[in-house]
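This report describes the packing and surface features of one protein model. The structure is shown first, and the description follows.

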Amino acid sequence: GINAEYGHSLLKKKSDALTVRFRAILRQIIEDKKLTGELLRDASFSLAAATYAAGDFGSTVRENVSEASVKVRMGTENAMGVRLPVFEKTHDGAGHDSQELTGLARGGQHIKKCKDTFLKSLTGLVKLASLQTSFVTLDHAIRQTNRRVNAIEYVIQPKIRNTISYIQSELDERDREDFFRLKKITTKKGEEIARKDAARKERMDRERAERTANGADATAGASQEESANLLNALQPADNDDIVF
């Protein structure tokens, strides 16, 4: 019972903390989506301006690219025991020099502005992807934690309480049985002691009556013997010299 309540309390606190973090990420996603939308709109306008100024330079850019200059590295962040993926954009400068001559004939300034705008948009997209991935991960973790909380609250704890109640009722019933058994034993012992006391008292009364009767017989015998002795003493002695 205590362990279940402690585990329920910890999981409830974890769920509340994850929910707070979940809502904060949701607000940040909404803000970053608006910002990223504006960046992508500006990037589209700058691409249109660069295409108008320099013509179709897409094939030239693709031919000069040998390695990506912008890479995304994934890390993790611990939030109440939940590992959240975090994406980070890295720019190592590779492929940067190969694009220096792009737009040298015409529209170079527009192409550079388009490149910078798309880099900003890419930064926003990476951040937004990190937030949305963390959002989905937190949503899954919150659902799982809430299922555990509900399982403990509505399944495990009632079972434990029912088990404790059953054990308590069995112990109470056993105590009542022991009390009844002890009461019966005490009553029987009391009756036996009373019966023995009555028998002992009866025996003592009988012995006392016998002693009294024996004492009366002895006294009567002694009185008869004294009376006989007295009569013998009062009778005249036999004397042959006296003639009546």
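A residue is buried under 20% relative accessible area, exposed over 50%, and partly exposed in between (1.4 Å probe, protein chains only). The model is predicted, so local features need pLDDT of at least 70 and side-chain atom pairs count only at pLDDT 80 or more, while totals for chains, interfaces and linings use all residues. Residues are numbered from 1 along each chain as its sequence is written, and side-chain values use heavy atoms, without hydrogens and water.

Helices (H or I, at least four residues) and strands (E, at least two) are DSSP runs numbered from the N terminus. Helix H3 spans residues 108-234 and contains Leu122; Thr163 is also found in H3.

| Residue | Relative accessibility | Class |
|---|---|---|
| Leu122 | 31% | partly exposed |
| Thr163 | 42% | partly exposed |

The side chain of Thr163 reaches the backbone oxygen of Lys159 at 2.8 Å.

The largest nonpolar core (buried Ala, Val, Leu, Ile, Met, Phe, Trp, Tyr and Cys residues joined through side-chain atoms within 4.5 Å) has 12 residues, including Leu18, Phe22, Leu84, Leu128 and Ile142. Helix H1 (2-54), strand E2 (82-91) and H3 each supply at least two residues of this core, and the largest share, 5 residues, comes from H3.

Leu84, one of the core residues, is in contact (heavy atoms within 4.5 Å) with Arg21, Gly75, Thr76, Glu77, Ala79, Ser134, Thr137 and Leu138, leaving aside its neighbours within four places in sequence.

Notes: Polar contact = N/O pair within 3.5 Å; in protein donor to acceptor, adjacent residues only side chain to side chain.
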